[in-house]
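Subject: Structure handover

Hello,

Here is the structure you asked for. My notes on it follow below.

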Amino acid sequence: MAQKKTTFICQNCGSSHNQWMGQCNRCDHWNTIVEEKLRVSSKKTFAASSDHSAPRPIKEISLQETPRIALTEPELNRVTGGGLVPGSVILLGGEPGIGKSTLMLQLSMGFPKGPVLYVSGEESLEQVKLRADRISTGSAEVLLLPETDVELIADQLKKNKPGLCVVDSVQTLFSPELESAPGTVSQIRESAHRLIQIAKQLGVPVILIGHITKEGQLAGPKVLEHMVDVVLQFEGDRQHMYRLLRAQKNRFGSTSELGIYEMQGSGLHPVSDPSQIFTRPRDESLSGVGIGIGMEGARPLLIETQALVSTAVYGTPQRSTTGFDSRRLNMLLAVLEKRCGFHLGSRDVFLNIAGGLRVDDPALDLAVCSSVLSSSGDLPISLDIAFCSEVGLGGELRPVSRLDQRLMEASKMGFTEVVVSARSKLENPPKGLKLHTLKRVDEVAQLLFG
Ligand SMILES: [Zn+2]
């Protein structure tokens, strides 16, 4: 006999409460608590698996490489840490319309170990087919399943034993065991739980597509992020042509890698030379632009920092940043003011990282300082110079990690001069690259603007 139960669940953090409240006392969000009817099934969902629960001596456990299914697509391969692990569950989050379905359909059609079961809970089969025709790459057998009942999906998984299963989206799923509506936290949690069980049981990798709410969180985010093995984030402005894929959590690899795609009519194309897209074609010099050499994961990347410094119209000067930490900018401005004598305190400063990128690499500090000084004096920086140094509170230039790799990238992209910290250890700088090894920010200003 099933037993009926009512509970109040926060749709933001997934915590359950005994009564309704206006504000969740766990995550402090307002109006997120919803009454959900749960039917607690009398049958056990966890079958005791006797063969897995016996303890084993640690010495006997061999450290083999995690087996992976390598993907044909280089960016996805990099971000997942070398391919998909059988039986793993991946959550792909992103705003609606950003291209999650396109990316997953592309992955499915090029998947090396078919067939692929593509569960579409949102779009009709015809819509998926239309998109597939537009992409038309890869030859994997893709089985489309228009279904939202997680038990029926589980049946199809058992029956077809696919090489991969994609669910678009996890918010449309429901379990007939529960009475609450699809999209509520308890439904998402239960459905995901069921699919994780099946994935482990059959050794099939499962990708769950999840939409992000306006606040930037997945519906029922904490619940799902804890349950799955890998959380991938697909982001980028809809106005921008580029999409960024990064791992927020990865039980099988690092989370520092970044995949970059260009959105075109025929689908998402991996960008093999990302430095090119985050900097302008270097044919005209503008004031307020400084090129820094950052790292995204293991990849060096040339990044254009743009600053606009103008006289404050109102009493309080404005400070505004896009893609850069605003507290870090304020610190750098204070350093320029106090240590180097540039009067920026009464001026508006706007800072933008080109291409919709978000960066937190301290090696970009000097590029930011330089673009601010360039805009402030309306003096363009030579197109041949890139910057690669952290700036300390005393105005001193500090060395950065993996300098050789960064310098190689600058050289490859056609820069002939790079400003680095005098304390940098240079092992093997690229030939033909002139290095300015300086100690302080004011020396950099002297070098650039005389
Ligand atoms: Zn909450």
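I will start with a single contact: a polar atom of the Ser-108 side chain lies 2.7 Å from the backbone oxygen of Met-104. Please keep in mind that this is a predicted model.

Ser-108 itself belongs to helix H2, which covers residues 100–109. Its relative accessibility is 0%, and the cut-off for buried is under 20%, so Ser-108 counts as buried. If neighbours within four places in sequence are left aside, the contacts of Ser-108 are Val-116, Tyr-118, Ala-140, Val-142, Leu-164 and Val-166.

The chain as a whole

The chain has 450 residues, of which 49% count as buried. Its secondary structure comes to eleven helices and 21 strands. Three domains are assigned: domain 1 takes in residues 1–40, domain 2 residues 69–272 and domain 3 residues 277–449. Taken over C-alpha atoms, the centres of domain 1 and domain 2 are 27 Å apart. The C-alpha trace spans about 85 × 55 × 50 Å along its principal axes. About 21,800 Å² of the chain is exposed, and carbon and sulfur atoms supply 51% of that area. Among contacts with a separation of 6 or more, 67% are between residues 24 or more positions apart.

The zinc site

Which residues coordinate the zinc ion? The donors are the SG atoms of Cys-10, Cys-13, Cys-24 and Cys-27, at 2.3 Å. Their spacing in sequence is C-x2-C-x10-C-x2-C. The angles among the four donor atoms run from 106 to 112°. Four donors count as tetrahedral if all angles lie between 85 and 135 degrees, so the site of the zinc ion is tetrahedral. For reference, the ideal angle for four tetrahedral donors is 109.5 degrees.

Cys-10 and Cys-13 are both buried. Cys-24 counts as buried too, because its relative accessibility is 1%. Cys-24 sits in the loop between strand E2 (16–17) and strand E3 (33–40). Apart from neighbours within four places in sequence, Cys-24 is in contact with Cys-10, Cys-13, Ser-15, His-17, His-29, Thr-32 and Ile-33. Cys-24 and Asn-12 are twelve residues apart in sequence, and their C-alpha atoms are 8.8 Å apart in space.

Backbone geometry

Most residues other than glycine have a negative phi, and most peptide bonds are trans. Some places in this chain depart from that, and you may want to look at them.

- Asp-28 is not a glycine, yet has a positive phi of about 65°. Asp-28 is placed in the loop between E2 and E3. Is Asp-28 buried or exposed? With a relative accessibility of 51%, Asp-28 counts as exposed.
- Asp-378 also has a positive phi, near 50°. Its position is the loop between helix H9 (365–377) and strand E17 (385–388). Asp-378 counts as exposed because its relative accessibility is 55%.
- Asp-168 and Ser-169 are joined by a cis peptide bond, with omega about 0°. Ser-169 is in the loop between strand E7 (164–168) and helix H5 (185–202).

Regards

Note on methods. Residues numbered from 1 in each chain as written. Predicted model: local features only at pLDDT ≥ 70, side-chain atom pairs only at ≥ 80, totals over all residues. Heavy atoms only, no water. Donors = N, O, S within 2.8 Å, 3.2 Å for Na, K, Ca; no water. Tetrahedral: all angles 85-135°; square planar, octahedral: opposite > 155°, others 65-115°. Buried < 20%, exposed > 50% of the residue type's maximum accessible area, 1.4 Å probe, protein only. Domains from an automatic or database assignment. Helix = DSSP H or I, 4+ residues; strand = E, 2+ residues; numbered from the N terminus. Contact = heavy atoms within 4.5 Å. Areas by Shrake-Rupley, 256 points an atom, 1.4 Å probe, with all protein chains shown as cover. Polar contact = N/O pair within 3.5 Å; in protein donor to acceptor, adjacent residues only side chain to side chain.
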